[in-house]
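Hi,

Here is the structure I promised to send over. My notes on what turned up in it follow below, so have a look at it first and then read on.

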Amino acid sequence: MSAVSLQMACVAGLLGLAVLAIFLSRSKFNTAVIYSATLVVSAIALIGSIRWLLGDTANAVGLTLPVGLPWLGAHFRLDALASFFLVVVNLGGAAARPLWPRLRPP
């Protein structure tokens, strides 16, 4: 899997977690489940972007999604600046997990 595909899969995972959080909003353990899953997805994206930033640039192909204008699409690629900001953002996403066991009393 290319670095761009990995990052796009992690974005799709985070969007899926947002939908799951809506459905689990009335559950007692929603915070633990959503934050733990967010930690896992952010850690995967963080490791992928650090790996690319440290020299695995041969695995950096572009990705074109068929959204937007039919003849243009959306083009995604990974470079050093984008990888650095992905490290910063995913480090923040991984650090946002609350401490265990911080569940609200019923």
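Among the elements of the protein, helix 1 has the highest mean pLDDT, 90, and strand 1 (residues 63-65) the lowest, 74; pLDDT is the predictor's confidence in each residue, on a scale from 0 to 100. For the protein, the mean is 81, with 85% of residues at 70 or more. Where pLDDT is low, the predicted coordinates should not be read in detail.

This is a predicted model, in which local features need pLDDT of at least 70 and side-chain atom pairs count only at pLDDT 80 or more, while totals for chains, interfaces and linings use all residues. Residues are numbered from 1 along each chain as its sequence is written, and side-chain values use heavy atoms, with hydrogens and water left out.

**Overall layout**

The protein has three helices and two strands, and from the N terminus on they run α-α-β-β-α. Helices (H or I, at least four residues) and strands (E, at least two) are DSSP runs, numbered from the N terminus. Of the 106 residues, 23% count as buried; buried means under 20% relative accessible area, exposed over 50%, and partly exposed in between, with a 1.4 Å probe and protein chains only. The accessible surface comes to about 7400 Å², and 72% of that belongs to carbon and sulfur atoms (Shrake-Rupley method, 1.4 Å probe; for residues, only the protein chains shown count as cover). Among contacts with a separation of 6 or more, 71% are between residues 24 or more positions apart, where contact means heavy atoms within 4.5 Å.

**Helix 2 and the core**

Helix 2 has 24 residues, which at 1.5 Å a residue should span 34 Å, and its end C-alpha atoms are indeed 34 Å apart. (The expected span is 1.5 Å times one less than the number of residues.) Its buried residues include Asn-30, Thr-38, Ser-42, Gly-48 and Trp-52, and what covers the buried residues of this helix includes helix 1 and helix 3 (80-95). Just after helix 2, Gly-55 takes a positive phi of about 135°.

Which residues make up the largest nonpolar core? There are five: Cys-10, Leu-17, Ile-34, Val-41 and Ala-45. Helix 1 (3-23) and helix 2 (30-53) each supply at least two of them, and helix 2 gives the largest share, three residues. A nonpolar core here is a set of buried Ala, Val, Leu, Ile, Met, Phe, Trp, Tyr and Cys residues joined through side-chain atoms within 4.5 Å. Not counting residues up to four places away in sequence, Ile-34 touches Leu-17, Leu-20, Ala-21 and Leu-24.

Leu-39 also sits in helix 2, but it is partly exposed, with a relative accessible area of 28%. Its C-alpha atom is 4.7 Å from that of Ala-94, although the two are 55 residues apart along the chain.

**Two serines and helix 3**

Is Ser-49, in helix 2, buried or exposed? At 0% relative accessibility, Ser-49 counts as buried. Beyond its neighbours up to four places away, Ser-49 touches Gln-7, Ser-83, Leu-86 and Val-87.

Ser-83 lies in helix 3 and is buried as well, with a relative accessible area of 0%. Leaving aside neighbours within four places in sequence, Ser-83 is in contact with Ser-49, Trp-52, Leu-53 and Leu-78. Ser-83 and Leu-46 are 37 residues apart in sequence, with their C-alpha atoms 9.2 Å apart.

Ala-80 lies in helix 3 too and is partly exposed, at 45%. With the same neighbours left aside, Ala-80 is in contact with Trp-52 and Leu-53.

**An aromatic pair**

A search of the whole structure finds one aromatic pair. The ring centres of Phe-84 and Phe-85 are 5.5 Å apart and their planes are at 70°, so the pair is edge-to-face. Rings of Phe, Tyr and Trp (its six-membered ring) pair if their centres lie within 6.5 Å; planes under 30 degrees apart count as stacked, over 60 as edge-to-face and the rest as tilted. Phe-84 is partly exposed, at 42% relative accessibility, and so is Phe-85, at 45%.

Best wishes
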